[in-house]
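Trainee: I'd like a close look at one part of this model. Could you pick out the central sheet and then walk me outward from there?

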Amino acid sequence: MTSADPPRLIGTDGLGALFTVLRERGYTVVGPTARDGAVVLAELASAEQLPSGWSAGTEAGRYRLRRREDGAVFAHCAGPVSAKTFVHPPRARLWSADRAPDGTVTTTGPEAPAKRFAFVGVHPCDVAALGVLDRVLAGGEHPDPIYTARRDGTFVVVAECTEPAATCFCTSMGTGPGATSGFDLALTELLDGEHRFLARSGSPAGAEVLAALPSRQAGEGDLAAASAAVRDAAAAITRHMPDEPLPALMAATRESPHWADVASRCLTCGNCTMVCPTCFCVTTEDVTDLTGGHAEHLRRWDSCFGLDFSYVHGGAVRTSTASRYRQWISHKLGTWQDQFGMSGCVGCGRCIAWCPAGIDITREAAALAASRGEPSGGAEP
Amino acid sequence: MNAVLPVPHRIVGRWVDTADTVTVELAPVGAPLPAFLPGQFAMLTAYGVGDVPISVSGRHGARPLHTIRAVGAVTRALCGAAPGDVIGVRGPFGTAWDVEAAAGHDVIVVAGGIGLAPLRPVVERVLADRSSFGRVAVLVGARRPAELLYGGARREWAAQAQVITTVDRADDGWHGPVGLVTALIPRIEADPAAAAAFVCGPEAMMWFTVQALLARGVPSARVQVSLERTMRCGAGWCGHCQLGPLLLCRDGPVVGYPVAEPLMRVREL
C-alpha cells in the first residue's frame with residue numbers, strides 16, 4: 001500500500017491496534033491525554049489514555065477542559081505541550097569534558113536518545129510546527145545533533161482538526177485544519193453515525209503500519225463526511241491574521257506607536273514562548289564537579305522576553321517591554337521568513353490562550369496594520 | 001566541522017595587551033580546525049565556566065590568535081589561562097571581511113577599542129599585498145592611552161599606511177590627538193569616493209563613524225561593519241544573536257552597511 005492507495009476506515013478498536021503496532025515496531029507512543037486540567041502530550045501506554053470525551057474551551061488568556069456528550073478522541077485543541085518538548089527537550093547536555101592529570105581534555109558528545117517517538121493524534125498545526133523546527137534546527141549549515149537524533153525516524157500520526165477552538169487561526173497560516181504533508185498516517189475522526197476514522201498513509205512507513213491495522217474499505221459517504229468535517233472546521237475558525245504579507249507588515253511597523261500599547265499589557269513572562277511549538281531559543285550553562293576536572297555544557301529553553309536574553313557586555317540590548325514583544329512577534333511573523341524562508345507561526349493559538357494578560361497575536365498584528373502611517377515612536381541611536 | 005564539541009587547544013603564546021586584554025596563540029591538541037578568515041569568530045570555551053564568541057585577531061603561521069578582553073566570568077577565565085593550559089575552540093563561524101572587494105581601491109579602516117582586534121587581520125592582509133590597494137588609512141580610537149592595542153604593529157603599519165591614533169582622555173605621556181575617532185575622518189588622505197571602509201567598535205561609534213565616512217563621499221555599498229549580539233551557540237540554534245532579519249552568527253558578524261543601516265537605526269532592535 002502506498003500513499004496513492006485509497007483511504008481506509010478504522011473503528012475505535014483500530015486505535016488500540018495502532019498503539020500495539022507502533023510499540024511492536026519499537027516506537028514510544030506520544031499522544032494527547034487529559035491530565036492536570038488540560039489535554040497535554042505525553043508518553044502513553046495505551047489508546048485508553050487518549051482524551052476520549054474531552055475537548056477544551058479557549059479564549060485569550062483562558063483554557064478550560066470541557067466534557068463532551070460524544071466520545072470524540074481528537075476533539076481537543078492545542079494544549080500547553082507540543083511535540084517540541086520531545087524533539088527539542090527543555091534541558092539537554094551538549095557535552096561533558098574530563099581533564100586528565102597531564103592536562104589533556106577528553107570531550108564526550110550528547111547522549112543518543114533511548115527512545116524513538118511516534119506522535120499519535122497531533123493536529124496539522126503541530127505537524128507544520130515540526131516542519132518549522134526541521135528547517136531551523138536541522139536545515140542549516142550546522143544541524144543540531146540533539147534535535148536530529150530525536151527527530152530522525154519519528155513516526156507521525158496526524159489527526160485532522162475537526163473541532164477548532166476560538167483561539168485557532170491555522171487557516172491564516174496555511175497549516176490546517178486538513179493535513180497535506182509531514183505525516184506518515186492521517187486520521188479524520190468521523191462522529192456521524194458510527195464512531196470511526198478515515199485513515200490514509202503519507203509515507204511507505206505509514207502504509208506499512210496502516211496495512212497492519214484492522215480496517216475496511218472507505219465508502220464514498222465516508223470520504224464525503226471527512227471532507228465535510230475538515231471544511232466545516234475551516235469555516236468555524238473565527239480568528240484571522242491580516243490578509244496581507246506579514247513580513248512586510250512587520251518590517252514596516254518597527255517603530256509603530258502600537259508597541260507602547262502592547263507593552264502596557266505584556267508582563268514579559270515568556271509563557272507564549274514556552275508554549276509556542278516553534279520557539280526554539282536556548283541558553284547554555286556550564287557546571288563542574290567539586291574536583292574541577294569534570295565539566296558539562298548544558299542548554300535549556302530560553303525566552304526573548306527575558307532581560308538577560310539580549311545581554312552583551314555593557315547591558316541588555318532590549319530593555320523595554322515594547323522592544324521584547326516586538327522582537328517576539330516580528331520574528332514569528334516577519335524575520336523568520338528572512339532567516340529560514342518560512343513563517344515561524346503555525347496558527348495554533350497557544351500563545352493567545354496561555355498569555356496571562358490575554359494578549360492576542362492576531363489582534364496585535366491587526367493593530368499594527370492599522371497603526372501604519374501614524375507618527376513614529378522611534379529615534380536614531 | 002563539528003559545531004558542538006569544543007576542540008581542545010593549548011595556549012602556546014600569551015601576550016598582555018592592556019590591563020584587561022590578552023592575546024593568545026592557540027595550537028590544536030589534535031586535528032586542526034579549518035582556517036579562520038579575517039572577521040570570522042570562534043566560540044572559546046573555558047571548561048566549566050562557559051564559552052564566548054571571540055573573533056580571530058591574527059595568526060602565526062597556521063595558528064590563530066585571539067584577543068580577549070576580560071569583561072565577564074568566561075573572558076576573565078580565558079584571559080587568566082596560562083601558556084600550556086588547554087581551552088576549547090569551536091568554529092570558524094560567521095562571515096568574513098570581504099577584503100577582496102577592496103582590491104584596486106583606497107582602504108579606510110576605523111577601529112574603536114577592542115574593535116581593532118578583528119580588523120588587525122584586514123590591515124595585515126592589505127599591507128601584505130600592498131600594490132593591490134591604493135592609499136590606506138587606519139584610524140584607531142581608545143578611551144585612554146593605556147587601553148590602546150598593538151602598539152608595535154601600529155608603528156610598523158605606519159611605514160606603509162596613514163595611521164592615526166586618538167584617545168578620549170589623554171595622560172601625561174600622550175602627544176597624539178584627543179577626541180573621538182570620528183574627529184579623525186577629515187584627516188584621511190585616501191580618496192573617499194574611491195575607498196572601501198572597514199569599521200568595528202561600539203555600535204554608536206560605528207554609526208557616527210559611518211555617517212562621517214558617507215558625508216565625505218565613501219560609497220555606502222563599500223562600507224562593512226562588524227556587529228555584536230549575544231551568542232550562546234555560534235551555529236544558528238540559540239536565537240540570541242538576532243538583529244532583525246539577521247542571525248549574526250550566520251549572516252554576520254561582518255555585514256555590508258546597506259544591510260546594517262536600517263537595523264542600526266532602530267533602537268533596541
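Mentor: Here is a walk from the sheet in chain A out to the domains, the core and a few spots in chain B.

Keep in mind that this is a predicted model. The sheet we want is an open one of 8 strands in chain A, with the order 3-2-8-9-10-11-1-12 and mixed pairing. At its edges stand strand 3 and strand 12 (216-217) of chain A, each with a single partner strand, so one side of each has no neighbour in the sheet.

Let's start with strand 2 of chain A, which covers residues 27-35. Of its 9 residues, 7 are buried, so the rest of the structure largely encloses this strand. On one side, strand 2 of chain A runs antiparallel to strand 3 (residues 38-43) of chain A, and 6 bridges join the two. In that pairing A:Ala34 stands opposite A:Val39. The two strands form a hairpin with 2 residues between them, and in the turn A:Asp36 has a positive phi of about 55°.

Strand 2 of chain A also pairs with strand 8 (residues 116-122) of chain A, this time in the parallel sense over 4 bridges. Here A:Val29 has A:Ala118 as its bridge partner. Going one step further along the order, strand 8 of chain A pairs with strand 9 (residues 155-159) of chain A, again parallel and over 4 bridges. A:Val122 and A:Val158 are bridge partners there.

That brings us to the core. The largest nonpolar core has 199 residues, and among those with the most contacts inside it are A:Ala118 and A:Val157 from chain A, along with B:Val107, B:Ile108 and B:Val109 from chain B. Helix 3 (residues 124-138) of chain A gives the most to this core, namely 9 residues.

Now zoom out to chain A as a whole. It has 13 helices and 16 strands. Its radius of gyration is 22 Å, close to the 21 Å that the globule rule gives for 381 residues, so chain A is as compact as a globular protein of that length. Taken along the principal axes, its C-alpha atoms fill a box of roughly 65 × 65 × 35 Å. Buried residues make up 49% of the chain. If you look at contacts with a separation of 6 or more in chain A, 72% of them come from residues 24 or more positions apart.

The domain assignment splits chain A into domain 1 (8-236) and domain 2 (246-371). Their centres, taken over C-alpha atoms, are 25 Å apart. Where they meet, 38 residues of domain 1 of chain A are in contact with 32 residues of domain 2 of chain A. On the domain 1 side, strand 5 (62-67), strand 6 (91-99), helix 3 and helix 5 (170-173) of chain A each supply at least two residues. So helix 3 of chain A turns up both here and in the core.

Over in chain B, the assignment gives domain 1 (7-93) and domain 2 (100-264). The centres of these domains of chain B are 22 Å apart, and 18 residues of domain 1 of chain B are in contact with 18 residues of domain 2 of chain B. Strand 4 of chain B gives the most to the domain 1 side of that contact, with 5 residues.

Back to the core for a moment, with B:Ile108. Beyond its neighbours within four places in sequence, B:Ile108 is in contact with residues including B:Ala137, B:Ala197 and B:Leu213. B:Leu213 is one of the buried residues of helix 4 of chain B, along with others including B:Met205 and B:Trp207. The buried residues of this helix pack against strand 7 (106-112), strand 10 (195-200), strand 11 (223-226) and helix 5 (257-264) of chain B. For a geometry check, the 13 residues of helix 4 (residues 203-215) of chain B should span 18 Å at 1.5 Å a residue, and the end C-alpha atoms are indeed 18 Å apart. Just after this helix, B:Gly217 takes a positive phi of about 110°.

One last stop is B:Arg229, in the loop between strand 11 and strand 12 (242-243) of chain B. It has 21 C-beta neighbours inside 10 Å, so B:Arg229 counts as buried. Its contacts beyond four places in sequence include A:Val312 and A:Val317 from chain A, as well as B:His240 and B:Leu248 from chain B.

How values were computed: Residues are numbered from 1 along each chain as its sequence is written. Chains are lettered from A and ligands numbered from 1 in the order in which they are written. This is a predicted model: local features need pLDDT of at least 70, side-chain atom pairs count only at pLDDT 80 or more; totals for chains, interfaces and linings use all residues. A nonpolar core is a set of buried Ala, Val, Leu, Ile, Met, Phe, Trp, Tyr and Cys residues joined through C-beta atoms within 7 Å. A residue is buried if 20 or more other C-beta atoms lie within 10 Å of its own, exposed if 12 or fewer, and partly exposed in between; C-beta atoms are placed from the backbone. Two residues are in contact if their C-beta atoms, placed from the backbone, lie within 7 Å. The radius of gyration is taken over C-alpha atoms; the globule rule is 2.2 Å times the number of residues to the power 0.38. Two strands pair if DSSP finds at least two bridges between them. The expected span of a helix is 1.5 Å times one less than its number of residues. Domain bounds come from an automatic or database domain assignment.
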